[in-house]
Amino acid sequence: MTAQVPTVIPAPAFEEQHMPVLVGDPMTAGRFTAEGADVLLGPAGTLIITEADDEPARSGVWNAEEFRLIGPAPAPVTERLLEPPWGTDQSSLPIHIAVRAGADVLYLGTAWVSQVGTTNGVLTDCELRFDTPLARELLDRVRPPRPPGDLPGLAWLAQVNGDRAAALEQFITGWYPATGATSDPTSGPTESLPDASASRLPAGLRQLYRLAKQRPGALGTQNRILPEPNLRTDPLGEMLVFGVENQGGFFWSLLWDLDEPEADPTVWFREFDEQPIAEQEPLGGFLIQFSLFEASMGADYLALPRKLTAPQVDRLTQPLTHVPLRPFWPWAPTHFYVAPGLVVHVSSRDGKTFDAWAGATHRSALTPLSDLPLDWNRFDG
């Protein structure tokens with residue numbers, strides 16, 4: 001699809017000449033605001049206007065293909081954006097996107113609703129996809145890049161095959177800002193765990209729980225390390241289940257021993273009622289891998305290529321540093337690659353085609369990937 005180039009219109013001309021064409025009579029159109037956006041609802045269409053900015057908490061252009069409207073949105077806006085049919089169906093009213101940049105308005109064309117979040121019937125967030133992706137020149141004008149600040153560093157890498165507890169702590173405290181002590185909202189009544197005092201848990205789990213008190217994201221966003229009150233044994237009382245997949249498809253466990261716990265025990269992966277499979281790294285290395293995987297999955301800024309070949313993986317990972325651990329996750333052996341503020345994981349079930357996922361703490365951390373000749377499902381840089 002051809003990328004869209006700038007359409008620059010002086011603000012007065014846009015309001016006087018173009019707005020009536022886009023929404024109908026502007027005097028009768030409903031005018032509303034939603035977290036940095038002006039929304040006009042008219043009989044001919046919808047117009048959303050924001051300022052040129054790159055503030056994640058405000059409405060605006062997110063990447064070359066996506067615009068985000070942040071709520072809470074007034075009821076008429078919620079009703080208009082939720083009314084069927086969504087998308088590019090010809091019977092739906094067009095949604096126009098524009099951005100103010102100084103004395104000009106940059107018209108970005110039409111978009112369609114791809115995803116909506118609501119709470120009690122109120123729109124809280126709405127993702128819209130541009131019918132025509134934005135060219136880089138236009139993207140840089142409507143979403144001017146913010147300074148990156150301090151990106152999480154890579155000092156922890158030196159400890160990965162030495163002091164793994166130090167490596168885990170350095171990575172987690174560098175990646176997740178401290179938020180203060182929290183209680184886990186998912187905790188609740190669970191099966192009783194015999195004598196589940198902290199002293200009977202392996203040191204790696206005790207460390208992770210300590211870190212998660214101020215950085216709850218360390219317990220995962222896609223998959224989860226169970227909060228300590230939710231730990232349970234399997235029906236035979238032989239295995240301590242401590243990690244679960246987000247849909248319950250598989251879990252991770254340790255041999256449960258009421259005596260002194262093993263210092264760095266084997267982690268067992270189990271799918272449903274299948275036989276357990278040992279992860280290649282014991283708990284200390286596994287927790288580093290789990291943390292890297294979840295950091296990338298839950299990152300604000302993503303780069304998601306389509307299926308890759310082995311040569312394409314080499315190109316993708318060439319500017320990055322490989323994390324020197326054996327593959328994670330028996331389902332699809334996974335390797336990790338990092339740069340400051342960036343984690344990439346690459347996995348494959350057959351060794352011929354590969355899936356990759358890159359997550360970053362800031363857009364600028366995706367820069368090493370920006371010029372690669374890859375087909376992207378999504379690129380937030």
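Which residue has a backbone nitrogen that lies 2.8 Å from a polar atom of the side chain of D350? The residue is K352, and the setting of this contact becomes clear once the whole chain has been described.

The structure is a predicted model, in which local features need pLDDT of at least 70 and side-chain atom pairs count only at pLDDT 80 or more, whereas totals for chains, interfaces and linings use all residues. Residues are numbered from 1 along each chain as its sequence is written, and side-chain values use heavy atoms, with hydrogens and water left out.

The protein chain contains seven helices and 21 strands; these are DSSP runs numbered from the N terminus, helices being H or I over at least four residues and strands E over at least two. Its C-alpha trace spans about 80 × 45 × 35 Å along the principal axes. Of its 381 residues, 48% count as buried, a word that here means under 20% relative accessible area, with exposed meaning over 50% and partly exposed in between (1.4 Å probe, protein chains only). Among contacts (heavy atoms within 4.5 Å) between residues at least 6 apart in sequence, 60% join residues at least 24 apart.

In soluble globular proteins, nonpolar side chains tend to be buried together. A nonpolar core is defined as a set of buried Ala, Val, Leu, Ile, Met, Phe, Trp, Tyr and Cys residues joined through side-chain atoms within 4.5 Å. The largest such core in this model has 50 residues, of which W156, I225, F242, W252, F286, L292 and V323 touch the most other members. Elements that each supply at least two residues of this core include α4 (164-175), α5 (203-212), β12 (239-244) and α6 (283-297). The largest share, nine residues, comes from α6. Leaving aside its neighbours within four places in sequence, L292 is in contact with W156, F171, V323, F336, V338 and V343. A second, separate core of 27 residues includes F67, A73, V77 and L138.

The opening contact can now be placed. D350 is located in the loop between β19 (342-347) and β20 (355-360). With a relative accessible area of 46%, D350 is partly exposed. Besides the backbone nitrogen of K352 at 2.8 Å, the backbone nitrogen of T353 lies 3.0 Å from a polar atom of the D350 side chain. From C-alpha to C-alpha, D350 and G204 are 32 Å apart in space, and they are 146 residues apart in sequence.

Definitions and conventions. A polar contact is a pair of N or O atoms within 3.5 Å; within protein, one must be able to donate a hydrogen and the other to accept it, and residues adjacent in sequence count only if both atoms are side-chain atoms.
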